[in-house]
Amino acid sequence: MTNLLIVGNAFTEEERGRLAGAHAAAFVGSPEDIAGMDTTLRTEVRAVAFKGHAPFGAEAMEALPNLGLIANFGVGYDAIDVDAAAARSVAVTNTPDVLNDDVADLAVGMMLAFSRDMVRGHALTISGGWAQQSLPLNRKMSGGTVGIVGLGRIGREIADRLAAFKMDIHYFARSEKETPGWTYHADVVSLAGAVDWLVIALVGGEETRNFVGPEALDALGSEGVVVNISRGTTVDEGALLDALEKRRLRGAAVDVFLNEPDIDPRWRKLKNVHLQPHQGSGTVETRRAMAELQLANVTAFLEGKDLVTPVN
Ligand code: 8YV
């Protein structure tokens with residue numbers, strides 16, 4: 001009896017092996033492949049282990065009549081239609097907390113790499129070009145003013161790190177937090193107007209689509225830098241690209257994009273950006289912890305126990 005369906009070409013061999021070693025499993029590359037599976041197999045599946053960002057909607061759920069769980073590999077589950085899952089009494093789980101440190105580390109690392117021009121500095125040193133030419137002076141990050149958009153678990157880790165860089169911390173959140181010395185803003189335009197760095201750490205999904213829009217980018221201004229480690233959807237990407245091209249912002253440090261990995265080619269022409277290939281949680285240690293948490297949820301469900309990290 002095949003209880004588990006592993007869905008997603010994004011799984012590594014090791015991750016797939018661990019899931020399949022624990023439960024009788026089948027594999028498909030993407031949610032849209034589910035409808036084409038053998039009917040008996042589809043009827044047997046009770047749980048899905050999902051990885052990736054392809055939409056997992058009602059149609060894929062419909063094709064699995066005995067589905068009770070979608071266990072997502074990742075904290076963000078915006079690819080999964082949670083309302084459609086709830087309507088079918090399908091539980092959804094994610095992998096929160098275990099990745100907070102890595103995502104926050106990458107945010108700070110990208111900020112340093114951008115402000116200190118570290119990619120160009122590395123290229124100059126390794127090419128030997130240093131003998132002919134020195135690296136132009138770059139910009140200081142410590143002591144600057146930063147606005148965190150979304151002071152959730154990851155936003156908080158970023159803010160704590162930046163406080164150690166003596167930065168003045170401002171933030172937007174749904175409600176004010178107990179954070180003495182940090183400045184709360186009830187809206188994102190006010191936040192952007194008060195800071196030089198705007199770090200987006202929101203959850204993805206329809207509710208936060210284009211949350212940072214043209215008005216906030218204008219308020220951030222020509223000395224401002226946008227940092228995004230959340231989802232490509234949380235910022236109006238067209239407006240951000242316009243502002244970067246016209247130098248209405250100092251720059252951007254970005255790990256997440258619309259339509260990954262086929263990102264808008266306009267990104268590739270910019271000089272005032274530091275870009276990463278959506279690798280916030282991409283360390284050996286954290287991906288293993290995420291895989292273990294996903295498997296723990298699958299196992300709990302198949303054994304009729306309480307889910308470890310339920311979403312709905
Ligand atoms: C991805 C992420 O899950 O956790 C998230 O929300 O965006 C990432 O950690 C990872 O890239 C696998 O798709």
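Histidine 278 lies in the loop between S12 and H11 of this predicted model. Its phi is positive, near 40 degrees, although histidine 278 is a residue other than glycine. Histidine 278 counts as partly exposed, because 17 C-beta neighbours fall inside 10 Å. Histidine 278 also belongs to the ligand shell. Around the ligand, His278 is joined by Gly280 and Ser281. The shell further holds Ala10, Lys51, Gly52, Phe73, Gly74, Val75, Gly76 and Leu99. By class, this shell has four nonpolar residues, six polar ones and one that is charged.

The chain is divided into two domains. Domain 1 takes in residues 4–98 together with 284–302. Domain 2 covers residues 100–275. Between the C-alpha centres of domain 1 and domain 2 the distance is 32 Å. Contact between them involves six residues of domain 1 and eight residues of domain 2. On the domain 1 side, the touching residues comprise one nonpolar, three polar and two charged.

Two UniProt features, each from an unreviewed entry, also map onto the chain. UniProt places "domain: D-isomer specific 2-hydroxyacid dehydrogenase catalytic" at residues 43–312. Over that range the chain is 34% helix and 14% strand. The end C-alpha atoms of residues 43–312 are 23 Å apart. The second UniProt feature, "domain: D-isomer specific 2-hydroxyacid dehydrogenase NAD-binding", is placed at residues 108–280. Here the chain is 31% helix and 16% strand. For residues 108–280, the end C-alpha atoms are 11 Å apart.

Helix H5 runs over residues 100–115 and has 16 residues. From first C-alpha to last, H5 reaches 23 Å, close to the 22 Å expected at 1.5 Å a residue. Buried residues of H5 include Asn100, Asp102, Val103 and Ala104. Leu106, Ala107 and Val108 in H5 are buried as well. So are Met110, Met111, Phe114 and Ser115 of H5, which completes the list of buried residues. An α-helix has 3.6 residues a turn, so residues three or four places apart point the same way. Several elements contribute to the cover over the buried residues of H5. Among them are helix H7 (153–164) and helix H11 (284–302). Strands S9 (197–200), S10 (225–228), S11 (251–254) and S12 (273–275) also take part. H5 is followed by aspartate 117, whose phi is positive, near 55 degrees.

Helix H7 has twelve residues, and at 1.5 Å a residue these should span 16 Å. The end C-alpha atoms of H7 are 17 Å apart, which agrees. Within H7, Ile154, Gly155, Glu157, Ile158, Ala159 and Leu162 are buried. The cover over these residues of H7 includes H5 and strand S9. It also includes strand S6 (145–149) and strand S7 (168–172). Just after H7, lysine 166 takes a positive phi of about 60 degrees.

The loop between S11 and S12 contains leucine 258, asparagine 259 and proline 261. Leucine 258 counts as partly exposed, because it has 13 C-beta neighbours inside 10 Å. Beyond residues up to four places away in sequence, leucine 258 touches Gly232, Thr233, Glu237 and Asp264. Leucine 258 and leucine 124 are 134 residues apart in sequence. In space, their C-alpha atoms are 31 Å apart. Asparagine 259 has only 10 C-beta neighbours inside 10 Å, and therefore counts as exposed. Asparagine 259 is not a glycine, yet its phi is positive at about 55 degrees. The peptide bond from glutamate 260 to proline 261 is cis. Its omega is near -5 degrees.

Threonine 309 lies in the segment after H11. Threonine 309 counts as partly exposed, because 19 C-beta neighbours fall inside 10 Å. Leaving aside residues up to four places away in sequence, threonine 309 touches Thr93, Asn94, Thr95 and Pro96. Threonine 309 also touches Leu293 and Asn297. Threonine 309 and valine 227 are 82 residues apart along the chain. Their C-alpha atoms are separated by 28 Å.

Methods:
Residues are numbered from 1 along each chain as its sequence is written. This is a predicted model: local features need pLDDT of at least 70, side-chain atom pairs count only at pLDDT 80 or more; totals for chains, interfaces and linings use all residues. Helices (H or I, at least four residues) and strands (E, at least two) are DSSP runs, numbered from the N terminus. The expected span of a helix is 1.5 Å times one less than its number of residues. A residue is buried if 20 or more other C-beta atoms lie within 10 Å of its own, exposed if 12 or fewer, and partly exposed in between; C-beta atoms are placed from the backbone. Two residues are in contact if their C-beta atoms, placed from the backbone, lie within 7 Å. A residue is near a molecule or strand if its C-beta atom, placed from the backbone, lies within 6 Å of it. Ala, Val, Leu, Ile, Met, Phe, Trp, Tyr, Cys and Pro count as nonpolar, Asp, Glu, Lys and Arg as charged, and the others, Gly among them, as polar. Domain bounds come from an automatic or database domain assignment. UniProt positions are given in the numbering used here, feature names are shortened, and annotations may be inferred rather than shown by experiment.
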